[in-house]
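Here are my comments on the model you sent round, set out as numbered points. Please read them with the structure open beside you.

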Amino acid sequence: LARRAALERRRTALLDGERLWSELAAQTARTAALDGDAARLRDTLAQAQAKLLDAEREHAVQKAGLAQAEQALAVAEAACGDSVEALRDTLQDDVPCPVCGSAEHPYHGDGNDKLRAMLARFRQDVASRREALEQLIAHGATQRALANTSTERLAQVATERAALAAAIGTLTVRWQAALAAIAASGAGAPADDPALWLA
C-alpha cells in the first residue's frame, strides 16, 4: 500500500511537471514569436516613416512644379483667348499692331495653331502634374496608415509580452516546485531536455 501511494505521488508529480513544462515551453515560444513580430513591426514602422518623410519632401517639390505649370497655362490661355485671336486675325503685314505698335506679327496666320498646340501641351503638363501630386498624396496616406498600424500593433505586442513575462515568471516558480516534487517522489531530475525526459 505504501509503495502504491509512492508510485501515485510520483505519477502525479510527473504529470504536473509535464503539464507545467508544456505550458512554460508554449509561453516561451509565444514570447519568441512576439519578439520576432516586434522586430518586423519596428522595421516596417521605420521604412514607412522614411517613405512618408520622402513623400512629404517630394510633395513640396511637386506642388511648386504644379503651381509653375498652372501659371504657364494661365498665360497661354490668356494668349489664346477669343478676343486676342480675333485681334491677330486683323493684323496686316508691315502695319503696326494697335496693342504693341510692332510691325512684325509672328503669331498672325498660322500662329494661332502654334499657340493652341502650346496651350494643349501646357494643359497636359498641368494634368500630369496634378495626377502625380494626387498619387504622391495617396502614397503618403498609405505610408502614414502603415506607420500608425505598426505603432498600434507594437503597443499590443508590448502589452502581450509584459503579460507573458509575468506568466512565465509564475510558471518558472511552479516548475521549480514541480521539479522538487519530482525529485522527492524518487523519479530523479530532468535531463537537459525536460520535455524528452518527461515523455
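The points below go from the overall fold to the core and then to single residues.

1. This is a predicted model, and its protein chain has four helices and zero strands, so that the order of elements from the N terminus reads α-α-α-α.

2. Of the contacts in the protein chain with a separation of 6 or more, 74% are accounted for by residues 24 or more positions apart.

3. Buried residues make up 25% of the 199 residues in the protein chain, while its accessible surface comes to about 12,900 Å², with 57% of that area belonging to carbon and sulfur atoms.

4. The largest nonpolar core is made of nine residues, namely L34, A38, L41, L45, A48, A147, L154, V157 and L164. The elements that give two or more residues to this core are α1 (2-79) and α3 (111-184), and α1 gives the most, with five residues. As general background, nonpolar side chains in soluble globular proteins tend to be buried together.

5. Within that core, A48 and A147 are both members, and A48 touches A147 as well as Q143 and L146, when residues up to four places away in sequence are not counted.

6. Is A138, a residue of helix α3, buried, partly exposed or exposed? A138 counts as partly exposed because its relative accessibility is 41%, which lies between the 20% and 50% cut-offs. The C-alpha atom of A138 is separated by 9.7 Å from that of A55, although the two residues are 83 residues apart along the chain.

Key
Residues numbered from 1 in each chain as written. Predicted model: local features only at pLDDT ≥ 70, side-chain atom pairs only at ≥ 80, totals over all residues. Heavy atoms only, no water. Core = buried A, V, L, I, M, F, W, Y, C linked by side-chain atoms within 4.5 Å. Buried < 20%, exposed > 50% of the residue type's maximum accessible area, 1.4 Å probe, protein only. Contact = heavy atoms within 4.5 Å. Areas by Shrake-Rupley, 256 points an atom, 1.4 Å probe, with all protein chains shown as cover.
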